[in-house]
Amino acid sequence: MSKKTVNDFNGMVEAKEKIVYLTAYDYLTAKMEEKAGVDMILVGDSLGMVCLGYDTTFPVTMDDMIRHCQAVRRGAPNTFIVGDMPYMSYQASDELAVANAGRFIKESLVDAVKLEGAGPMIANRIKAITAAGILVMGHIGLTPQFMGQIGGYKAQGRSAKAALSLVKQAKLVEESGAFSVLVEGVPSAVGKAITERANFPVLGIGAGPYTHGQLLIYADMVGLYDNFTPKFVKKYANVGEVMVKAFSDYVQETREGMFPIDGEHTYKMKDEEAVEFWSLLEKEG
Ligand code: KIV
């Protein structure tokens, strides 16, 4: 299957086909996701928690993101990939934002970048990056890089005023030139209202069933990341349990001398080489 483009995503919205979006952070996972047929992969700064063991996304650096985007690109050469701009890689100025967005494209060959927020400053960043010819996905609602201001990791837009403000934020992101917006952690009614008023693809994570597409963090939906599971996650598998069982079996069998089995998990030597080997050893004493 060939890599989808912005035109394909707009066409999917028109045809009422759902856009399937999933995070990945490494070569192997990206390869499996491409095989499964996802439309779009996000290399999220959730990398910080899922792969690097941090409690938040704040410590994630541009170099972390670039390295993992490169691995994901190698695993999924035919999938549209979005690189997530980490904390303080775009907030300080338009120039910094454009330079770092450019690094994503140049060094890791992703197709677009994503950035959080929707005030006038973020609108300027979206305009500046878009003017440099780079596709931008906005991200509104539960935006972890703005954790302090939004009152922690919790659903947004639950009051009428906050919900209306999110609808306006989505419009601002659209008018600033983003090719799409990701809406995270809002009531279904808010996801629906934003989607109905949008002229670009609206992806949702924890935003209900009415958005044009859905995103999940892959480690949540396969049961690998168990530190915390948001309400909106559906667990499609329990890979974490399968892995712990495999590791435990290996520990036990190795300790008991049941692994490896000679002749089954071992390399062979031709009989004549083995005979000569033993005679050489004997001569060596
Ligand atoms: O970093 C990430 O994976 C994200 C999603 C949670 C929306 O931004």
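How many cavities of 30 Å³ or more does the count come to? Here are some notes to go with your look at this predicted model.

1. On that opening point, the count comes to one cavity of 30 Å³ or more. The largest cavity has a volume of about 40 Å³.

2. If you would like to find the largest cavity on screen, select its lining: Val167, Ala170, Lys171, Glu174, Ile194, Arg197, Ala198 and Phe200. Two elements each give two or more residues to this lining, namely helix H8 (160–175) and helix H9 (188–197). The largest share comes from H8, with four residues.

3. A word on the chemistry of that lining. Sorted by class, five of the residues are nonpolar and three are charged, while no polar residue takes part.

4. Now to the sheet. Eight strands form a closed barrel in the order E1-E2-E3-E4-E5-E6-E7-E8, and their pairing is parallel. On average, neighbouring strands of this sheet are turned by 25° against each other, direction ignored.

5. For one pair in detail, take strand E7 (residues 202–205) and strand E8 (residues 213–216), which pair in the parallel sense over two bridges. Within this pair, Gly204 stands opposite Gln214 in E8.

6. Finally, have a look at helix H1 (residues 6–14), which packs on the sheet. H1 touches strand E1 (19–23), strand E2 (40–43), strand E3 (80–84) and strand E5 (135–141). The direction of H1 makes about 125° with that of E1.

Terms used
Residues numbered from 1 in each chain as written. Predicted model: local features only at pLDDT ≥ 70, side-chain atom pairs only at ≥ 80, totals over all residues. Heavy atoms only, no water. 1 Å grid on protein atoms, 1.4 Å probe; cavity = no way out; pocket = protein on both sides within 12 Å on 5 of 7 lines; lining within 4 Å. Points joined across faces, edges and corners; volume = space filled by probe spheres on them. Nonpolar A, V, L, I, M, F, W, Y, C, P; charged D, E, K, R; others polar. Pairing = 2+ DSSP bridges. Axes fitted to C-alpha atoms, helices over the stretch in contact; angles between N-to-C directions. Contact = heavy atoms within 4.5 Å.
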